[in-house]
Structure formats: C-alpha cells, structure tokens
Amino acid sequence: MMKKLLISGLLMLAGLWAPLASAISLDNPYVLVNEVAQSTFDRLSRQQAQIKANPEYLRTIVREEMLPAVDVRFSAYRVIGNQLNNTTPEQRDRFVAAFSDYLVVTYADALAAYKEQQLDIGTGSVAKGEKLVSVPVSVLETNQPAIKLEFKLRQNGRTGEWRVFDMVAEGISLLSAKQAELSGLIRQNGIDKVTLQLQAHTDKPVTPLERTQ
C-alpha cells in the first residue's frame, strides 16, 4: 500500500544527504542526518525565490545535496534483485545511472512541496561492530499530523563511511516498494527496456507531490 502520504513523507527529506566535499561527518549516522537535515532545509528556505522562478533548480539541489552520499549503486542492485546475475556490467552501469536520475526527479517533486516544515531527529550511538543503523525522523507541519520516518544507513566495510540506502514510513520500505515495482518488469521485459523507461521518466517537468490527510 503506497499512499501519497508515504511518498510525500519519504521524499520530503530527500535532501538530507550532503555532498562528500562538505564538512559533514560521515563516520556517525546520527550526526550525519542531524547536521545535513538542518543544512538542507536552510538552503530550501533561502532559495525559495530561485526555486519558484525555476522549479527545475530543485534537481540541482538534489544532485548537490543528496546523491554523493547515497549508496545509489547498492540500492539499484537491490532493486534489480535476483536478475542481477543475468545482466552484464555495462547493463548494470546504465541502470544505476538511470536509477540515479529517476531518484533526482522523484525527490525534486517532493522538495517542491516544501513549506517551512520542521524536523525532529532521533539521537543515538552506534554499537561496536554495528553496520546497519536506523535513524528516526519526524516531519512536523502546522495543522498536519507528524510524518514518522526511518532512514536506514549502512557502513561501508572498506571506507568505514555511512551511506543511506533506504527510507521507511508507516512500516513500508521505499526500497522494497521500488524493488517490487521494477524487478518484475526487469524479469519480464529485460533490464535494457526498464532502463529506457526510467530515462524517459526523467524528461518530465518537476511536479510537486500533494500530501493527503
């Protein structure tokens, strides 16, 4: 059950993930979420005039603030699922690129609905040897029920850095939902055709998502 509330809630915070060139720490998932969330929402607030004049600028914000710290390849491979071994390295690279662009468009649509929402971000510590962490976040908006989210991060075993790989709301995983939607199409139609479908999706203009009660 993928409601507009879930989509809006999950994607409203798409800009949580900062560029690697920033001073944001990548060695603590709780610090990462807190610092980057505040930084990103500040940018959305400051640049509203530019965004209103050119909604496509939201895609620039998404690319600069999110993608460099999202484990896009890991998430894309999870979406491909058990068809991964039936693809070539070149096919996988094209799919990852298309999936990345697809995320940019989807997240930009969500950020277009920004209206000075506030964040309540959970705190915690990472236990020794822990490689997966869920950081709870609530999106608060006047006269609206709070949106309860979880951001799932994994630690890269080689670099030790944390990256987001999934977002969950109302018990529904965005990654699992996309896997259910696309993995069957990949199995039926082949990864090349699905890659083209994702690429076609990126040609549409930014369209703000509407939040339902």
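How many bridges pair strand β2 with β3, and in which sense do the two run? Eight bridges hold the pairing, and it is antiparallel, with β2 covering residues 132–140. That makes a handy way into this structure, which is a predicted model, so let's step back for the overall layout and then walk across the sheet strand by strand.

The protein chain has eight helices and five strands. Follow the sequence and you read α-α-α-α-α-α-β-β-β-β-β-α-α. Of the 213 residues in the chain, 48% are buried. As for contacts between residues at least 6 apart in sequence, 63% of them link residues at least 24 apart.

Now for the sheet. The five strands make an open sheet in the order β1-β2-β3-β4-β5, and the pairing is antiparallel. The edges belong to β1 (118–121) and β5 (172–173); each has a single partner strand, so one side of each has no neighbour in the sheet.

Back to β2 and β3. Within this pair, Val135 sits opposite Phe151 of β3. The two strands form a hairpin with six residues between them, and Asn143 there has a positive phi near 65°. Ile147, a β3 residue, is ten residues from Val137 in sequence, and their C-alpha atoms are 8.2 Å apart.

What does β3 look like on its two faces, covered and uncovered? The covered face carries Ile147, Leu149, Phe151, Leu153 and Gln155, while Lys148, Glu150, Lys152 and Arg154 make up the uncovered one. That every-other-residue rhythm is familiar, because side chains in a regular strand alternate between the two faces of the sheet. Take Ile147 from the covered face: its relative accessible area is 7%, and since buried means under 20%, Ile147 falls in that class.

Step across to the next strand and you reach β4. β3 (residues 147–155) and β4 (residues 162–169) run antiparallel and are joined by seven bridges. You can trace the register through a few partners: Leu149 is bridged to Ala169, Lys152 to Asp166, and Leu153 to Val164. Notice that the first and last of these β3 residues, Leu149 and Leu153, come from the covered face, whereas Lys152 comes from the uncovered one. This pair is a hairpin too, with six residues between the strands and Gly160 in the turn at a positive phi of about 80°.

How much of β4 is buried? Eight of its eight residues are, so far as relative accessible area under 20% is the test. On its other side, β4 meets β5 through two bridges, again antiparallel. Ala169 stands opposite Ile172 of β5, and Ala169 is also the β4 partner of Leu149 in β3. The β4–β5 hairpin has two residues between its strands, and Glu170 in the turn takes a positive phi of about 50°.

β4 also leads us to the empty space inside the model. Rolling a probe the size of a water molecule over the atoms is what shows where such space is left. The structure holds one cavity of 30 Å³ or more, and the largest cavity has a volume of about 150 Å³. Its lining counts 13 residues, with Ser75, Tyr107, Phe165, Met167 and Leu174 lying nearest the centre. Three elements, α6 (89–111), β4 and α7 (174–189), each give two or more residues to that lining. β4 gives the most, with four residues. Sorted by class, the lining comes out as ten nonpolar, one polar and two charged residues.

Ser75 is worth a closer look, as one of the residues nearest the cavity centre. It sits in helix α5 (residues 72–80). Is Ser75 buried or exposed? At 5% relative accessibility, Ser75 counts as buried. A polar atom of the Ser75 side chain lies 3.0 Å from the backbone oxygen of Phe165. Leaving aside residues up to four places away in sequence, Ser75 touches Phe99, Phe165 and Leu175. Phe165 therefore turns up twice around Ser75, once through its backbone oxygen and once in the list of contacts, and Phe165 is itself among the residues nearest the centre of the cavity.

Definitions and conventions
Residues are numbered from 1 along each chain as its sequence is written. This is a predicted model: local features need pLDDT of at least 70, side-chain atom pairs count only at pLDDT 80 or more; totals for chains, interfaces and linings use all residues. Side-chain values use heavy atoms; hydrogens and water are left out. Two strands pair if DSSP finds at least two bridges between them. On a 1 Å grid over the protein atoms alone, a cavity is a set of points where a 1.4 Å probe fits but cannot get out, and a pocket is an open set with protein on both sides within 12 Å along at least five of seven lines; lining residues have an atom within 4 Å of a point. Grid points are joined across faces, edges and corners, and a volume is the space filled by probe spheres set on the points. Ala, Val, Leu, Ile, Met, Phe, Trp, Tyr, Cys and Pro count as nonpolar, Asp, Glu, Lys and Arg as charged, and the others, Gly among them, as polar. Buried means under 20% relative accessible area, exposed over 50%, partly exposed in between (1.4 Å probe, protein chains only). A polar contact is a pair of N or O atoms within 3.5 Å; within protein, one must be able to donate a hydrogen and the other to accept it, and residues adjacent in sequence count only if both atoms are side-chain atoms. Contact means heavy atoms within 4.5 Å.
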